[in-house]
Amino acid sequence: MQNRIAMIGGGNMAGALVAGLVAANYPGEFIDVMDRNPPKCERLHKDYGVNTHLEAGDWLKSADIVVLAVKPQGMRQTIESIRPFLNSKALFISIAAGLRIKDIARWLGSDNLVRAMPNTPALVKAGVVGLYVPSALETKKKLAQSVLSAMGEVINVKSEEELDLLSTVSGSGPAYVFRFIEALEEAAVKRGFDSEGARRMAILTVLGAAKLAVSSTDSPAQLRINVTSKGGTTAEALRVMQEKGFMEMMDEAVQAAYDRSQQLADELGRL
Ligand SMILES: NC(=O)C1=CN([C@@H]2O[C@H](COP(=O)(O)OP(=O)(O)OC[C@H]3O[C@@H](n4cnc5c(N)ncnc54)[C@H](OP(=O)(O)O)[C@@H]3O)[C@@H](O)[C@H]2O)C=CC1
Ligand SMILES: O=C(O)[C@@H]1CCC=N1
């Protein structure tokens with residue numbers, strides 16, 4: 001018998017999970033999505049054949065797995081609205097950044113809760129999905145993994161702390177890469193390329209480099225060295241990147257994302 005999956009929130013990430021599950025032949029009729037925006041519901045129903053709902057109701061009582069996919073700031077209120085309809089045996093999966101299990105569990109009135117951290121490449125099934133399963137729920141790990149693997153590669157972590165750290169790398173990481181693409185595109189446009197050509201050049205370069213890195217036995221450092229001819233052009237570009245503090249900047253950016261996740265968790269956990 002197929003598990004019934006309910007998504008609370010039908011935005012970017014829930015949409016990616018729905019798309020991945022349906023592409024993996026999970027029957028849409030076993031998926032329920034709740035979102036307060038009618039156009040989002042209509043689209044998800046039309047594209048994937050899932051059941052959609054504008055608010056909580058008895059439909060939620062049959063959910064075996066409930067994915068909490070609203071923004072951290074709205075989580076407590078949303079949980080309040082769904083709580084009367086929850087199946088006490090359901091497994092909850094929170095994908096909210098920062099929010100800690102102890103706080104969400106208190107709001108839910110259930111300890112049957114794991115945390116996951118996907119990223120937006122999940123939209124094309126190329127996501128990285130961090131998963132933290134408390135030891136008391138070890139027997140539920142496979143179930144959580146089987147659902148989340150619809151978004152990409154699942155990486156198990158041993159603590160919530162580690163999940164928050166993973167979030168600063170792979171969760172936020174696509175934004176860092178898109179920023180890099182924007183910068184490369186802008187530099188190309190400044191030098192006379194039309195914006196479409198510049199964009200394509202920048203995107204395909206990142207795609208090609210990532211494909212090479214994933215398939216090669218060489219480390220990224222070695223692959224960089226392979227591009228960098230002694231006394232050549234790349235060496236000059238890398239010298240400037242080094243002088244401008246590229247490595248330090250990345251380190252500080254990741255730290256800032258982590259600090260924000262802790263701040264959010266502290267602030268919202270007090271509610
Ligand atoms: N985007 C990312 O890269 C990642 C996000 N996350 C986490 O995933 C979660 C979801 O993010 P994302 O998908 O980007 O967010 P979205 O805002 O795209 O999706 C959330 C959806 O839920 C709806 N919603 C919120 N509250 C309710 C409610 N009470 N009843 C019904 N619908 C509601 C929102 O409507 P409305 O717009 O009207 O508020 C929105 O359509 C967040 O907690 C985020 O931290 C995790 C990993 C990566
Ligand atoms: O920016 C955020 O808070 C979420 C978590 C990781 C990616 N997006």
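In the predicted model, 9 residues of domain 1 are in contact with 5 residues of domain 2. The side of domain 1 that touches domain 2 divides by class into 3 nonpolar, 5 polar and 1 charged residues. According to the domain assignment of the protein, domain 1 spans residues 5–171 and domain 2 spans residues 173–260, and the C-alpha centres of domain 1 and domain 2 are separated by 32 Å.

Two annotations from the UniProt record can be set beside this assignment. An unreviewed entry lists residues 4–98 under "domain: Pyrroline-5-carboxylate reductase catalytic N-terminal"; over residues 4–98 the chain is 36% helix and 20% strand, with the end C-alpha atoms 26 Å apart. The annotation "domain: Pyrroline-5-carboxylate reductase dimerisation", likewise from an unreviewed entry, covers residues 160–264, and over residues 160–264 the chain is 85% helix and 0% strand, the end C-alpha atoms lying 14 Å apart.

The strands considered next form an open sheet of 8 members with mixed pairing, arranged in the order S3-S2-S1-S4-S5-S6-S7-S8. Strand S3 (51–53) and strand S8 (152–157) each have a single partner strand and stand at the edges, so one side of each is left without a neighbour in the sheet. From one strand to the next, the twist averages 25°. Strand S7 (residues 127–132) runs parallel to S8, and 6 bridges join S7 to S8; within this pair, Tyr-132 stands opposite Val-157 in S8. Helix H5 (residues 141–148) packs on the sheet, where H5 touches strand S1 (5–8), strand S4 (65–68), strand S5 (91–94) and strand S6 (113–117), as well as S7 and S8. The direction of H5 makes about 165° with that of S7.

With respect to the ligands, 26 residues lie around ligand 1, and of these Gly-9, Gly-11, Met-13, Ala-96 and Ala-97 come nearest. Helix H1 (12–23) and helix H3 (72–82) each supply at least two residues of the shell around ligand 1, and it is H3 that contributes the largest share of that shell, with 4 residues. By class, the shell around ligand 1 consists of 11 nonpolar, 11 polar and 4 charged residues. Ligand 2, for its part, is surrounded by Ala-97, Ser-167, Gly-171 and Ser-172, a shell that comprises 1 nonpolar and 3 polar residues and no charged residues. Ala-97 is thus named both among the residues that come nearest to ligand 1 and among those that surround ligand 2.

How values were computed. Residues numbered from 1 in each chain as written. Chains lettered and ligands numbered in written order. Predicted model: local features only at pLDDT ≥ 70, side-chain atom pairs only at ≥ 80, totals over all residues. Pairing = 2+ DSSP bridges. Axes fitted to C-alpha atoms, helices over the stretch in contact; angles between N-to-C directions. Contact = placed C-beta atoms within 7 Å. Near = placed C-beta within 6 Å. Nonpolar A, V, L, I, M, F, W, Y, C, P; charged D, E, K, R; others polar. UniProt positions renumbered as here; feature names shortened; annotations may be inferred. Domains from an automatic or database assignment.
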